[in-house]
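Biologist: I would like to learn how to read cysteines and helix packing from a set of coordinates. Could you take me through the case shown here?

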Amino acid sequence: MGRHANPTGTWFNPLPWTILVASALYAVLAVRQIPCIQTDATNRVDAFIRLCYSDIPLMWTGQEFGLGNPPFGGDAMLFSPVLGVLMLAAVKLSGMLGAQISPDADVQVQLDGAQIFFAVNAVLLFIFFLAWVVSMALMGRESRGRYRSWDGMLIAASPVVLASGLIHWDLLPIGLSAIGLYQFSKRRVIEAGVVLGLAAAAGTMPIVIILAVAVCIGLRGQGKWLFQFLVPAVLTLVVVHLPLVLRDWESVVSYYQGQVGAESSYGSLWFLLQLTGWNVRSAGYLGFMVLLVVLAGTIGWLYAKRLRPRVGTLVGIFVFVTCLMGAAFSPQTALWLLLALVVARPLRLEYSLFTISQVVYWFAIWGYLSGHLTASKNGNDRLYFIAIALMLLVDLWLVVMFYRDILRPIGDPLRTPDHSDPLGGVLVDDEKLEPVEDAVAGPEVQVAEPEPVPSGG
């Protein structure tokens, strides 16, 4: 195209093509899960060797939804409040679509109901996946006014989503988190707080996203925006939990203690140390304390240096560090890292290395759980060890790149003279009249004026 061409119309609008690709990828994802759903009570399915394991159909039988047990109830809180509501809706819809729910249901009847339950949940989660994709297209790079960003395609066509999208219900809080960040990027601070509060009530990871956004606001000294963001987020989180707290507050406390104090499990840094012979006791609590130290140190460093990072950069740091310090690294954790990477540093090299390392780990974890990469298979456990190490090294390198973008904002590829932060929202206006400082070279950074284009033939 010529330099003066005006790329308008459907062909040049990323949004419809992103939605089309996302729909196609999700359809393949849903169909790929079918061979791992057990349909015959006498024929057990090895989901690990078929590379299509999912918690969703197993929840119908494991939590006895087919026998009439509700998602909320019992002596323990098993799900976050918003996720529990989604499951309750899925159970009701499954019953309306033919799933038999009865205390007398035998194993085969429950397996038949599990198929319907999976299909219902797949449709519901598709809505939140599309919300994630569309939000990224509306708030990504170069999204201004009627212009949309191609960054949504990094989600819509991601091999990571194809691999891990339906292992668990993570698309629910991820979709809500993306909507919340989009609201903030469009200067809707209160709405962003409410939606991110709902996301935090659907999963624990959005809590660090809320913290990252709050820190970005606080570093700019905007007490008004900080109040308007944090108060709705906290109130939403409290109100959603209130019925459960009034019913049985001990189960709520126990649930979040279990989230923090989990033992070392597959894929984590602590499990890698365990494979080397160093068993870490109380890995969850140790990782949580290290996480608090890293986050507190980062916030203190930013305040002392008077640095003002992009919202996406700080979200990337907080999410990646949280996952790195976690007691377990389930394959679906990669979805959260994908969200953080695309808002922080959606560049070709970073995206490619991240995708390769996560997909390699995805293959390795199923091989390890199926028994093909265990110590009993001629030392093949080394392959699983290498897969974990590769994944952790790539994630650590990405964290270093995020910190470098903060330390040298003049080299941040997502900062432009016209727009210093795609997700900044109300924070961007405060920086329009201020020069971009380089924390290493100093404030005297000048941008060269473009040379005039010669006229004539």
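**Reading cysteines and a helix pair**

Modeller: Please keep in mind that this is a predicted model. I suggest that we begin with the cysteines.

Biologist: How many disulfides does a search of the whole structure find?

Modeller: A disulfide is read from the distance between two cysteine sulfur atoms, which must lie within 2.5 Å. The search of the whole structure finds 1 disulfide, in which Cys36 is joined to Cys52 with an S to S distance of 1.7 Å. Both cysteines sit in the loop between helix 1 (14-33) and helix 2 (55-62), 16 residues apart. The torsion about their S-S bond is about 80 degrees, so the disulfide is right-handed.

Biologist: Is Cys52 buried or exposed?

Modeller: Buried means under 20% relative accessible area; Cys52, at 2%, is therefore buried, and Cys36 is buried with 12%.

Biologist: Why is there no bond between the sulfur of Cys216 and the closest cysteine sulfur?

Modeller: The closest cysteine sulfur to that of Cys216 belongs to Cys323 and is 18 Å away, which is too far for a bond. Cys216 is buried, with a relative accessible area of 0%, and Cys323 also counts as buried, at 5%.

Biologist: Which residues of helix 8 meet helix 10?

Modeller: Among them are Val189, Ile190 and Leu196, while the partners in helix 10 include Trp225, Phe229 and Leu237. By class, this contact has 13 nonpolar, 4 polar and no charged residues. The axes of helix 8 (residues 189-200) and helix 10 (residues 223-260) come within 7 Å and cross at roughly 35 degrees, and the crossing is right-handed.

Technical notes:
Residues numbered from 1 in each chain as written. Predicted model: local features only at pLDDT ≥ 70, side-chain atom pairs only at ≥ 80, totals over all residues. Heavy atoms only, no water. Axes fitted to C-alpha atoms, helices over the stretch in contact; angles between N-to-C directions. Helix = DSSP H or I, 4+ residues; strand = E, 2+ residues; numbered from the N terminus. Left-handed = near helix turned anticlockwise from the far one by under 90°. Contact = heavy atoms within 4.5 Å. Nonpolar A, V, L, I, M, F, W, Y, C, P; charged D, E, K, R; others polar. Buried < 20%, exposed > 50% of the residue type's maximum accessible area, 1.4 Å probe, protein only.
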